[in-house]
Amino acid sequence: MTPPDEAQPRHARSPDPLTPGRPTGKPRIAGLVLAAGGSRRLGRPKQLLPYGDGVLLDAVLATARACGFAQLVLALGGSSEEVLKVVNTAGCDVAVNPDFGTGCGSSIAAALPALHSDIDVVVLLLGDQPGVMAENVYKLLAGRGQSGIAVCRYDDGIGHPFAFARSALPALAGLHGDKAVWKLFEERASEVAEVTVSGAIPLDINTDEDYERVLNALRGVP
């Protein structure tokens, strides 16, 4: 993984992410952070909401870097120019999705071509879910076995992060709309491994009330 002090983001290259013939050995794992939403319900870019010592997306990317991914891809769309000016995207391959308004499926499709051809597993993370820790990713990867798709089973249900083997990438690339990933889980239920992760599903942000709950969790306020 590129050192975090790299001065500029790496904009997406376009190798075929499905090219066969990868080297054997330890799987090479990429992180894909989805941060392309237009924040319609919130009314301002949630990627840039103050959080901790920076902004929300800074916190999510810091967690992603701590995971030690072989590659880190960042999907942007809404307010991408402003986000690129404010957020530290060092070490990221940035893919900008002009069709972000059609749902996260289009952002996934826009980001997958940026994957290096030797990536074996992709971990999907949300740019508005700072409560996901590197430990969640470690548990997911340790518990997925050889499954094509793996999800986290929290105390109160299924939530991110999700992991997809290379064999699942064609299906992932063909998704459309906001809930397309969940539909894929239903269609391929026999291929989905549920990995137990303690605690509640990490909060994400769509409204001011969600943001306040996330800030309270950061402050340790019930």
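A residue counts as buried when its relative accessible area is under 20%. Keep that cut-off in mind as you open this predicted model: of the protein's 222 residues, 50% count as buried.

**The whole chain**

Start with everything shown as a cartoon. You'll find 7 helices and 10 strands. Now think about which parts of the chain touch. Among contacts with a separation of 6 or more, 72% are between residues 24 or more positions apart. Switch on a surface, and about 10,400 Å² is exposed, with carbon and sulfur atoms supplying 52% of that.

**Stop one: strand β7**

Select residues 121–126, which make up strand β7. Is this strand enclosed or open? It is largely enclosed by the rest of the structure, because 6 of its 6 residues are buried. Show the side chains next. In a regular strand, side chains alternate between the two faces of the sheet. Here V121, V123 and L125 point one way, while V122, L124 and L126 point the other way, and all are buried.

Now add the neighbours. Strand β2, residues 29–35, runs parallel to β7, and 6 bridges join them. To see the pairing, pick L32, which stands opposite L124 in β7. Then bring in strand β9, residues 157–165, which pairs with β7 in the antiparallel sense over 4 bridges. V121 is a handy marker here, as it stands opposite A165 in β9.

**Stop two: a cavity beside β7 and α1**

Which residues line the largest cavity? Select V60, T63, A64, L125, L126, Q129, P130 and V132. The structure holds 1 cavity of 30 Å³ or more, and the largest has a volume of about 60 Å³. Two elements each give two or more residues to its lining: α1 (56–66) and β7. Helix α1 gives the most, with 3 residues. By class, the lining divides into 6 nonpolar residues, 2 polar and no charged.

While you're here, colour the buried residues of α1: L56, L57, V60, L61, T63, A64 and R65. An α-helix has 3.6 residues a turn, so residues three or four places apart point the same way. Follow the chain past the end of α1 and you reach G68, whose phi is positive, near 70 degrees.

**Stop three: the largest pocket**

Go back to the surface view and look for the largest pocket, which holds about 940 Å³ of space. It is lined by 36 residues, and those closest to its centre are K46, C104, D128, D178 and N206. Select those five to find your place. The elements that give two or more residues to this lining are β2, α3 (104–111), β7, β9 and α6 (180–187). You've already met β9, and it gives the most, with 4 residues. Sort the lining by class and you get 17 nonpolar, 12 polar and 7 charged residues.

**Stop four: two backbone details**

Stay with β9 and zoom in on P161, which lies in that strand. The peptide bond from H160 to P161 is cis, with omega near 0 degrees.

For the last pick, jump to S79, in the loop between β5 (71–76) and α2 (80–86). Its phi is near 55 degrees, a positive value in a residue other than glycine. Is S79 buried or partly exposed? It is partly exposed, with a relative accessible area of 32%.

Note on methods:
Residues numbered from 1 in each chain as written. Predicted model: local features only at pLDDT ≥ 70, side-chain atom pairs only at ≥ 80, totals over all residues. Heavy atoms only, no water. Buried < 20%, exposed > 50% of the residue type's maximum accessible area, 1.4 Å probe, protein only. Pairing = 2+ DSSP bridges. 1 Å grid on protein atoms, 1.4 Å probe; cavity = no way out; pocket = protein on both sides within 12 Å on 5 of 7 lines; lining within 4 Å. Points joined across faces, edges and corners; volume = space filled by probe spheres on them. Nonpolar A, V, L, I, M, F, W, Y, C, P; charged D, E, K, R; others polar. Contact = heavy atoms within 4.5 Å. Areas by Shrake-Rupley, 256 points an atom, 1.4 Å probe, with all protein chains shown as cover.
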